[in-house]
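Subject: Structure for you, with notes

Hello,

Here is the structure I promised to pass on. Please open it first, then read my notes below.

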Amino acid sequence: MGKKTIKKDKILKHFDLLLDEVRSLVYSLDVWNQLTEIQNHSKHFKKYGGHLQHWLSQNYTYKVIVQIAKITNPNYKKEDVNFIKLLKEVSEKRYISFERFLESYDSPPENERRIWNIVKDGPLETYNRNFTVEDAKESFESKTGFPYNHTDFSEMINQDVQKLDEVFQKIKKLRHKKIAHLTTAEIKKVPTYADVEDCINTIKIVAQKYKLIFYHSHDDFHYIDLNIRTVFEKAWIDQE
């Protein structure tokens, strides 16, 4: 039996777009952390890399602050694809349900348990078994934290909306007064790089949670083979 093709509605299509944004944010953070490590351990970079370091920090800051604000701004417009907007829609439509959870499996869970290929090795026993509706119930409950027959997830979703709103509040003034607009207003508390990293990680955790609920799929959003240091391992400018 071939895999079932899941027909994606507007919520899932918008969620996929948001996942791309999260992946881009995590990628930017990973690149930044690797470059920071190089800066901190390279005497040559510390001595001569001031201009490059300034350029890197400025572009990283502008990029991630705009991107974070874009997907967490609670004052979104009708046409915006926004994480808070999406979660509120999920709550209002009671989009999360065990029935929908079952429908999203590539192969529908079976009602009866089947076990085969039993191999005994002393007291140990290994075997294959099919995926049942009871297994799906356990999976749903572990992912949502509620019984499988629960129907109102507004409280859980509201907590995640609050987390995303708190993320936006951390970077709001910097984005509004220094990046999106040029003003003379002072910002009393400028978010640190650690604050920005916390913001990205919070968004990532929320995205992971709903990807598990919607797609039964875990995603850490990291590029496995990302290694910025490689380009710095060999000198490419001839020494005079």
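How close do the axes of α1 and α8 come, and at what angle do they cross? They come within 10 Å and cross at roughly 145°. The crossing is left-handed. Bear in mind throughout that this is a predicted model.

**α1 against α8**

From α1, the contact takes in Leu12, Phe15, Asp16, Leu19, Val22, Arg23, Leu25, Val26, Leu29, Trp32 and Asn33. From α8 come Tyr193, Glu197, Ile200, Asn201, Ile203, Lys204, Ala207, Tyr210, Lys211, Phe214 and Tyr215. By class, the α1–α8 contact has 15 nonpolar, 2 polar and 5 charged residues. Asp16 and Arg23 of α1 take part, and both count as charged.

**α4 against α8**

Helix α8 (residues 193–215) also packs with helix α4 (residues 83–92). The angle here is about 35°, and the axes are 13 Å apart. The crossing of α4 and α8 is left-handed. Phe83, Leu87 and Val90 make the contact on the α4 side. Ile203, Val206, Ala207, Tyr210 and Phe214 make it on the α8 side. This contact has 8 nonpolar residues, no polar ones and no charged ones.

Ile203, Ala207, Tyr210 and Phe214 of α8 are worth selecting in your viewer. They appear in the contact with α1 and again in the contact with α4.

**The core**

The largest nonpolar core has 58 residues. Which residues have the most contacts inside it? They are Phe83, Ile96, Tyr210 and Phe214. Seven helices each supply at least two residues of this core: α1 (10–41), α3 (50–72), α4, α5 (98–103), α6 (133–144), α7 (154–179) and α8. The largest share, 13 residues, comes from α1. As background, nonpolar side chains tend to be buried together in soluble globular proteins.

Tyr210 deserves a closer look. Leaving out residues up to four places away in sequence, Tyr210 touches Phe15, Leu87, Ile96, Met156, Ile157, Asp160 and Tyr215. Phe15 is one of the α1 residues in the contact with α8. Leu87 is one of the α4 residues in the other contact.

**The chain overall**

The protein chain has 8 helices and 2 strands. Along the sequence the pattern is α-α-α-α-α-β-β-α-α-α. Is the chain spread out or compact? The radius of gyration is 23 Å, well over the 18 Å that the globule rule gives for 240 residues, so the chain is more spread out than a compact globule. The C-alpha trace spans about 70 × 50 × 30 Å along its principal axes.

Buried residues make up 37% of the 240 residues. Of the contacts with a separation of 6 or more, 67% are between residues 24 or more positions apart.

**After α8**

Two residues in the segment after α8 have positive phi. His216 is found there, with phi near 55°. Phe221 lies there too, with phi of about 70°. Neither His216 nor Phe221 is a glycine. For context, most residues other than glycine have a negative phi.

Are these two residues buried or exposed? His216 has 22% relative accessibility, so it counts as partly exposed. Phe221 has 1%, so it counts as buried.

**Two more sites**

Lys170 is in helix α7. At 45% relative accessibility, Lys170 counts as partly exposed. Beyond residues up to four places away in sequence, Lys170 touches Pro191, Asp198 and Cys199. Lys170 and Lys189 are 19 residues apart in sequence, and their C-alpha atoms are 9.0 Å apart in space.

Phe131 sits in the loop between β2 (124–129) and α6. At 35% relative accessibility, Phe131 is also classed as partly exposed. With residues up to four places away again left out, Phe131 touches Tyr105, Pro109, Glu110 and Ala136. Arg113 is 18 residues from Phe131 along the chain, and their C-alpha atoms are separated by 7.6 Å.

Best wishes

Methods
Residues are numbered from 1 along each chain as its sequence is written. This is a predicted model: local features need pLDDT of at least 70, side-chain atom pairs count only at pLDDT 80 or more; totals for chains, interfaces and linings use all residues. Side-chain values use heavy atoms; hydrogens and water are left out. Axes are lines fitted to C-alpha atoms, for helices over the stretch in contact, and angles run from 0 to 180 degrees between N-to-C directions. Helices (H or I, at least four residues) and strands (E, at least two) are DSSP runs, numbered from the N terminus. A crossing is left-handed if the near helix is turned anticlockwise from the far one by less than a right angle, and right-handed if clockwise. Contact means heavy atoms within 4.5 Å. A nonpolar core is a set of buried Ala, Val, Leu, Ile, Met, Phe, Trp, Tyr and Cys residues joined through side-chain atoms within 4.5 Å. Buried means under 20% relative accessible area, exposed over 50%, partly exposed in between (1.4 Å probe, protein chains only). The radius of gyration is taken over C-alpha atoms; the globule rule is 2.2 Å times the number of residues to the power 0.38.
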